[in-house]
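Trainee: Please pick one part of this model and take me through it closely. I'd like to see how its ends sit, and then what else in the fold it's worth comparing it with.

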Amino acid sequence: MRSIRAAATGAVMLSLALAASACGGGSSTGGGSNDSPKELTYWASNQGASIEVDKKVLQPELDKFEKQTGIKVKLEVVPWSDLLNRILTATTSGQGPDVLNIGNTWSASLQATGALLPWDKAQFDKIGGKDRFVDSALGSTGAEGQDPAAVPLYSMAYALYYNKQMFADAGIDAPPATWDELVAAGKKLSKDGKWGIGMEGSNPSENIHHAFVFAKQHGAGFFTADGKPDFTSDGAVAAVKQYVDLMAKDKIIAPGNAEYAQNQSVSDFAKGKTGMLLWQSASANLKSQGMSEDAYGIAPVPVQSGTPGAGKQVNSMVAGINLAVFKNTDNLDGASEFVKFMTSDAEQKILNTAYSSIPPVKAAQEDPAFNSPSNSVLKDTLAKSAVALPQVPDESQFETAVGTAVKELFADAAAGRPVTTDSVKAALTKAQQQMPTK
């Protein structure tokens, strides 16, 4: 996962998108059509270890779809560093793909632009009905009380991956269940050029996911009950400081991780350079980099004390990818048919197996293939201790503004500059000032 442009860019672009009447998609007119019934363009998100891995996963399935329907799908895998801003540009220019992957946390923000096709009952009926999907995945498809802006495609949760041999060599008997235990383990592992844990310090999306979970554990959130930004509460400040302190104070993250934004922390873990990794559904990624499943264990993300659950015991956001259609597509029927194909039971098994994610389609999720020990941890987390990021129109600006603030704090830590409660609060105050005023 990767870095993103400056916070102001995302905020300005989304503000423009919210004010614009044009929609993204294949057609330059305001509404969808079927003017190009034999072609679709599809922006996929980078789910695998590289864009080339994604192409190898997806192209055979797209060829299968073409054989079944006669519709050719032009694929582009877009890096996470570019995806949100590419989408926002498309919402204002009217020039974008027909179908696209979106981070599920962006659903309400992109819904507010009016660019995406709403998934009302009639649309869901075209793909087999809304009740095919698990409730937790549907909870991250748009604002409450509105028709979903997208359809769940992949479900994921964060987990703690740990190197069994490195743990044994360091005399660590079990994976840490609390953050104090993780820091203690990380200090034992951080020696001889190796480090306790890896992070993607230059990736605002990764930063916001972890900051959000830490905030929940501190009894805070980043928005008030009525959807207004609240970035500078004591709990939010303590959360961000605890996260950045893994590098700044505890020194269990290598300073170079402050520049990581392209899955380098996954590669470091696969190569035995770090003993632990916090990641979404990492098994397929690690396998593609040559790490045997026997070489690592998987455990729930730590909590402050006790065991994962609701409230302050939350240990993951509800992670996932949704599939959306631009409202002005020039192949409306084909786009609906493509979503039906990608969310079919058969394709859900194939795609989620390839990415070691969890199918958000009930029938596919119940398949024995998703009952491995690693998937059991992820499924248990999604069921018991994961919560959705706020589904509010300003969510994507929040990700960009706060995620970038955390990125800058990691840069301070890497450079040896002090990261204090005051400096964290100042960074979050600046981030809140970048949010739209209403």
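**A salt bridge between two strands**

Mentor: Start with glutamate 39, which at 34% relative accessibility counts as partly exposed, because partly exposed is whatever falls between buried (under 20% relative accessible area) and exposed (over 50%), using a 1.4 Å probe on protein chains only. Before going on, keep in mind that this is a predicted model, where local features need pLDDT of at least 70 and side-chain atom pairs count only at pLDDT 80 or more, while totals for chains, interfaces and linings use all residues. Residues are numbered from 1 along each chain as its sequence is written, and side-chain values use heavy atoms, leaving out hydrogens and water.

So who is the partner? Glutamate 39 forms a salt bridge with lysine 74, and their closest N and O atoms are 3.6 Å apart; a salt bridge here is a side-chain nitrogen of Lys or Arg within 4 Å of a carboxyl oxygen of Asp or Glu. Glutamate 39 lies in strand 1 (residues 39–45) and lysine 74 in strand 2 (residues 72–78), so the pair ties together parts that are 35 residues apart in sequence. Strands and helices are DSSP runs numbered from the N terminus: E for at least two residues, H or I for at least four. Lysine 74 is partly exposed too, at 43% relative accessibility.

Strand 2 also takes part in another pair. Glutamate 76 forms a salt bridge with arginine 86, with 3.1 Å between the closest N and O atoms. That pair links distant parts of the chain, glutamate 76 being in strand 2 and arginine 86 in helix 3 (residues 80–93), ten residues apart. Glutamate 76 has a relative accessible area of 33%, which makes it partly exposed, and arginine 86, at 27%, is partly exposed as well.

Now put those beside a pair inside one helix. Aspartate 245 forms a salt bridge with lysine 241, and here the closest N and O atoms are 2.7 Å apart. Both residues lie in helix 10, four residues apart, or about one turn of the helix. Aspartate 245, at 6% relative accessibility, counts as buried. Across the whole structure there are twelve salt bridges, and Glu61, Lys64 and Glu347 are linked in a network of them.

Glu347 takes us to helix 14 (residues 345–354), where Glu347, Gln348, Leu351 and Asn352 are buried. They cover an arc of only 115 degrees around the axis, so they share one side of helix 14; the arc is that of the directions from the helix axis to the C-beta atoms. The buried residues of helix 14 pack against helix 2 (51–69), strand 4 (151–156), helix 13 (332–342) and helix 15 (362–365), with contact meaning heavy atoms within 4.5 Å. Just after the helix, look at serine 356: it follows helix 14 and its phi is positive, near 50 degrees.

Helix 8 (residues 179–189) has the same kind of story, with Trp179, Leu182, Val183, Ala185, Gly186 and Leu189 buried. Their arc is only 165 degrees around the axis, which puts them on the same side of helix 8. Swing round to the other side of helix 8 and you find Asp180 and Lys187 exposed. What do the buried residues of helix 8 pack against? Quite a list: strand 5 (158–163), helix 7 (164–169), strand 6 (195–198), helix 9 (204–217), helix 10 (234–248) and strand 7 (274–280). Helix 10, then, is both a neighbour of helix 8 and the home of the aspartate 245 and lysine 241 pair.

Two more residues round off the tour. Alanine 319 lies in strand 10 (residues 319–325) and is buried, with a relative accessible area of 3%. Leaving aside residues up to four places away in sequence, alanine 319 touches Asn104, Tyr154, Ser155, Met156, Ala157 and Gln280. Lysine 228 is 91 residues from alanine 319 in sequence and 22 Å from it in space, C-alpha to C-alpha. Aspartate 226 sits in the loop between helix 9 and helix 10 and is exposed, with a relative accessible area of 55%. Between the C-alpha atoms of aspartate 226 and leucine 277, 51 residues apart along the chain, there are 35 Å.
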